[in-house]
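Trainee: I would like to learn how to read a beta sheet. Could we work through one together?

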Amino acid sequence: MNPVTRYAVRSLIAPLAIAAAFAPGVAAADGLKAAAEIKGCTNPAIAGTATLVEQTTPEGVKEVTVEMTVKGLADGKHAVHIHEVASCTPCGGAGGHHDPGPFGQSRPDSATDDVPAKDINHPYHMGDLINLEVKNGVGTLKHTTNRVTLSPGRLSIFDENGSSLIVHSAADTYCDAESDLKKGCAGGARDACGVINPAP
Ligand SMILES: [Cu+2]
C-alpha cells in the first residue's frame, strides 16, 4: 500500500473505531443488569426493589449505578451496603460487607471493639454505599460506584457465593473521623435484605 493510500485508510478507520467504542450498548459490560427484591428482616411491612446497572466510562472504567426504593422503614437515614453472601434468611446470613481485596476484612464493626476502635474496616469495603433517605415512609437511593462490578473480575459482586443488599436501622456515619470509630457507625442492626440476582 502506498503511503497516501495507507493514510487514507487509517483516517477512515480511526473515526469508525472511536464511534464504535462510544456507541451505546457496544462495550461488552455496558447495560449488564441485576436486581434485588428487598424484604424486612423481621417486619413484613418493609418491602422494596433495587436495580443495579453496569456501564463503562469513556476511559473504560466499569461502574455500577444502584437505584433503590423501599417502603415501610422509619423516616430518616439508613445505611445501605452490598454484603458478601447471597443470603437473607436470616439477614445475618448476608455476612459482612463485600470486600474481595487482598486485605479483605468484611466485618464493619464488632462488640469487642475498643473505643476508639482499631479494627473497624468501614468505609474501606468495596460494598460500602451511601445512606437511603426515608421520607413519609418511602426511601430512595441512587448511587454510582466504581468499587464493584457485575461483570466477572476481581471486584465482581457475583463471586462464588454471590452478594446481597442490606438496609440498616440507623444511618451510616461513614466511620470517617477518628471519633466515629465505634460500634454501629456502619448503621447498626439490619432492617431489610435482598439477594442480588442477574436481571435481563
Ligand atoms: Cu451493611
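Trainee: Which residue in E9 stands opposite Gly 40?

Mentor: Start with the general idea: strands of a sheet pair through backbone hydrogen bonds, either parallel or antiparallel. Keep in mind that this is a predicted model. Here Ala 192 in E9 stands opposite Gly 40. The pairing is that of E1 with strand E9, residues 190-199, in the antiparallel sense and over six bridges.

Trainee: How many bridges join strand E1 to strand E2?

Mentor: Seven bridges join them, and the two strands run antiparallel. E1 covers residues 33-40 and E2 covers residues 47-56. One opposite pair to find on screen is Glu 37 and Thr 49, the latter in E2. To get from E1 to E2, follow the hairpin, which has six residues.

Trainee: What is the bridge partner of Leu 165 in E9?

Mentor: The partner is Gly 194. Strand E8, residues 164-168, is joined to E9 by five bridges, and these strands too run antiparallel.

Trainee: What is the order of the strands in the open sheet?

Mentor: Read across the sheet, not along the chain. The nine strands come in the order E4-E6-E7-E3-E2-E1-E9-E8-E5, with antiparallel pairing.

Trainee: Which are the edge strands?

Mentor: Look for strands that pair on one side only: here they are E4, residues 76-78, and E5, residues 80-83.

Trainee: What does the twist average from one strand to the next?

Mentor: The average is 20° from one strand to the next.

Terms used. Residues are numbered from 1 along each chain as its sequence is written. This is a predicted model: local features need pLDDT of at least 70, side-chain atom pairs count only at pLDDT 80 or more; totals for chains, interfaces and linings use all residues. Two strands pair if DSSP finds at least two bridges between them. Helices (H or I, at least four residues) and strands (E, at least two) are DSSP runs, numbered from the N terminus. Axes are lines fitted to C-alpha atoms, for helices over the stretch in contact, and angles run from 0 to 180 degrees between N-to-C directions.
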